[in-house]
Amino acid sequence: MNTDPIADYLTRIRNANSAGHKVVSIPASNVKKEITKILFDQGYILSYKFEDDTTQGSIKIALKYNSYTKEPVIKKLERISKPGLRKYSDSISLPRVLNGLGIAIVSTSKGLMTGKKAKQSNVGGEILCYVH
């Protein structure tokens with residue numbers, strides 16, 4: 001049993017990126033599916049596919065690399081709010097990641113969204129992770 005499935009999700013992507021893998025398979029959950037959609041919409045991953053072959057299902061993520069330098073597009077995945085210490089923020093004080101070059105994924109009452117979108121929607125929430 002995993003105590004922090006979001007940290008496990010981020011670690012699997014981080015490890016596959018550093019190893020140079022093209023595809024990574026992760027056990028699915030609704031939160032992980034939403035994070036995957038956000039990463040795809042923001043251009044951090046190439047594509048994704050949800051497979052419901054087992055009871056839990058899995059997410060296959062095609063990682064994105066720079067075509068010239070072969071470096072991964074995702075430089076850093078950082079878990080912010082942990083099960084032992086939750087980090088919340090209101091809409092006014094939502095952080096800017098890397099001065100606007102990265103994104104913060106926020107769990108709000110209106111669902112998961114980027115920090116920029118949460119600020120525009122004037123909702124705060126739990127800051128799950130930073131991606132840059």
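Which residue in E8 stands opposite Ile-105? Keep that in mind as you go through the views below, which all come from a predicted model.

**View 1. Strand E6 meets strand E8.** Here's the pair that settles the opening question: Ile-105 has Cys-129 across from it in E8. Zoom out a little and you can follow E6, residues 103-108, alongside E8, residues 125-131. The two strands run antiparallel, and 6 bridges join them.

**View 2. Strand E6 meets strand E7.** E6 has another partner to look at, strand E7, which covers residues 111-114. This pair is antiparallel too, with 4 bridges joining the strands. Pick out Val-106 and look across to E7, where Met-113 is its bridge partner. To get from E6 to E7, the chain goes through a hairpin of 2 residues.

**View 3. How E6 is covered.** Is E6 mostly enclosed or mostly open? Of its 6 residues, 5 are buried, so the strand is largely enclosed by the rest of the structure. A residue counts as buried when its relative accessible area is under 20%. Across the whole protein, buried residues make up 42% of the 132 residues.

**View 4. Lys-37 and its surroundings.** Now hop over to helix H2, residues 30-41, which is where you'll find Lys-37. This lysine has a relative accessible area of 31%, so it's partly exposed. Which residues does Lys-37 touch, if you skip its neighbours within four places in sequence? Those contacts are with Tyr-48 and Phe-50. Gln-56 makes a handy distance marker: it sits 19 residues from Lys-37 in sequence, and their C-alpha atoms are 18 Å apart in space.

**View 5. Stepping back to the whole chain.** Count up the elements and you get 3 helices and 8 strands. Follow them along the sequence and the pattern reads α-β-α-β-β-β-β-β-β-α-β. The radius of gyration is 15 Å, close to the 14 Å that the globule rule gives for 132 residues, so the protein is as compact as a globular protein of that length. Along its principal axes, the C-alpha trace spans about 40 × 40 × 25 Å. Take the contacts between residues at least 6 apart in sequence, and 62% of them join residues at least 24 apart.

**View 6. The surface and its charges.** The protein exposes about 7700 Å², and carbon and sulfur atoms supply 52% of that area. As for charge, there are 21 positive and 11 negative side chains, with the centres of the two sets 5 Å apart.

Methods:
Residues are numbered from 1 along each chain as its sequence is written. This is a predicted model: local features need pLDDT of at least 70, side-chain atom pairs count only at pLDDT 80 or more; totals for chains, interfaces and linings use all residues. Side-chain values use heavy atoms; hydrogens and water are left out. Buried means under 20% relative accessible area, exposed over 50%, partly exposed in between (1.4 Å probe, protein chains only). Contact means heavy atoms within 4.5 Å. The radius of gyration is taken over C-alpha atoms; the globule rule is 2.2 Å times the number of residues to the power 0.38. Accessible areas come from the Shrake-Rupley method with a 1.4 Å probe; for residues, only the protein chains shown count as cover. Lys and Arg count as positive and Asp and Glu as negative; His and the chain ends are not counted. The place of a charge is taken as NZ of Lys, CZ of Arg, CG of Asp or CD of Glu. Two strands pair if DSSP finds at least two bridges between them.
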